[in-house]
Amino acid sequence: MPRPDELEAVRRLRHQVLDADHANPTELKLSEIDKHPDVIHMAAFAGRDVICTVRLQPLTKGSSNYLVRKMATRPDYQGQGIGVQVLAAAEQEAIRRGVMGFSLDSRVKATTFYAKSGYKETGEQVIRDGDLNITMTKQVNK
Ligand SMILES: CC(C)(COP(=O)(O)OP(=O)(O)OC[C@H]1O[C@@H](n2cnc3c(N)ncnc32)[C@H](O)[C@@H]1OP(=O)(O)O)[C@@H](O)C(=O)NCCC(=O)NCCS
């Protein structure tokens, strides 16, 4: 997990990857959610550089369902299995804290990636930051 002083590097990676094709960048600064104690950040590093990141947050206050957001791998590290590992590590930490299920809104191009990690499409679609997103969920097997 990134330390609090590493979150700025996490934000910079998100800005590089997630804002790349967006007219309105959303990752110009860390949000209050980023600093909330219930929120789980996970990251992979190459040296001191953050090369992959994801954020998990309660769906609603106190919920045992968590929302997966801000998943991003630096372009030169994509397709090497790092994203799958970082997401799995974040889920494990959430499960350790008692989380029972995960949901997310996936950009259309990323649904294959999440399916590989066990997420299933619910049939719902939403527009998020101007993109069509496909809602996907995953339940924890006990
Ligand atoms: C989606 C993303 C986070 C995946 O990270 P990654 O580290 O490249 O993923 P992995 O290497 O662990 O990929 C595992 C599998 O996911 C699939 N996958 C990964 N990226 C994909 C992409 N862009 N399009 C389609 N499938 C993809 C592949 O099938 C891959 O399986 P394979 O190794 O058998 O080919 C990364 O491509 C990314 O940052 N994309 C841009 C930002 C984005 O779309 N984020 C998600 C927002 S909802």
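**Chat about strands, helix H2 and the ligand shell**

Me: What's the bridge partner of Arg55 in E3?

Reply: Arg55 pairs up with Arg69 in E3. Strands (E, at least two residues) and helices (H or I, at least four) are DSSP runs, numbered from the N terminus.

Me: Before I go on, what sort of model is this?

Reply: A predicted one: local features need pLDDT of at least 70, side-chain atom pairs count only at pLDDT 80 or more, and totals for chains, interfaces and linings use all residues. Residues are numbered from 1 along each chain as its sequence is written.

Me: OK, how many bridges do E2 and E3 have, and in which sense do they pair?

Reply: Six bridges, in the antiparallel sense. Strands count as paired if DSSP finds at least two bridges between them. The E2–E3 hairpin has six residues between the strands, and Gly62 in that turn has a positive phi of about 80°.

Me: And what joins E1 to E2?

Reply: Seven bridges, with the two strands antiparallel. Phe45 sits opposite Val50 in E2. That hairpin has two residues between its strands, and Gly47 takes a positive phi near 65°.

Me: Is E2 enclosed or open?

Reply: Largely enclosed by the rest of the structure, because seven of its ten residues are buried. Buried means 20 or more other C-beta atoms within 10 Å of a residue's own; exposed means 12 or fewer, partly exposed is in between, and C-beta atoms are placed from the backbone.

Me: How many residues of E5 are buried?

Reply: Zero of the nine in E5 (residues 120-128), so that strand lies largely in the open. Six bridges join E5 to E6 (residues 131-139), running antiparallel. Ile127 stands opposite Leu132 in E6.

Me: Switching to H2, which residues are buried there?

Reply: Gly83, Val86, Leu87, Ala90, Glu91 and Ala94. They cover an arc of only 135° around the axis, which puts them on the same side of H2. The arc is taken from the directions from the helix axis to the C-beta atoms.

Me: What do those buried residues pack against?

Reply: E1 (40-46), E2 (49-58), E3, E4 and H3. Contact here means C-beta atoms, placed from the backbone, within 7 Å.

Me: Last thing: which residues come nearest the ligand?

Reply: Of the 20 around the ligand, Thr73, Gln78, Gly83, Val84 and Phe113 come nearest. A residue is near a molecule or strand if its C-beta atom, placed from the backbone, lies within 6 Å of it. Elements giving two or more residues to that shell are H1 (7-18), E3 (65-73), H2 (82-96), E4 (101-107) and H3 (111-116).

How values were computed:
Two residues are in contact if their C-beta atoms, placed from the backbone, lie within 7 Å.
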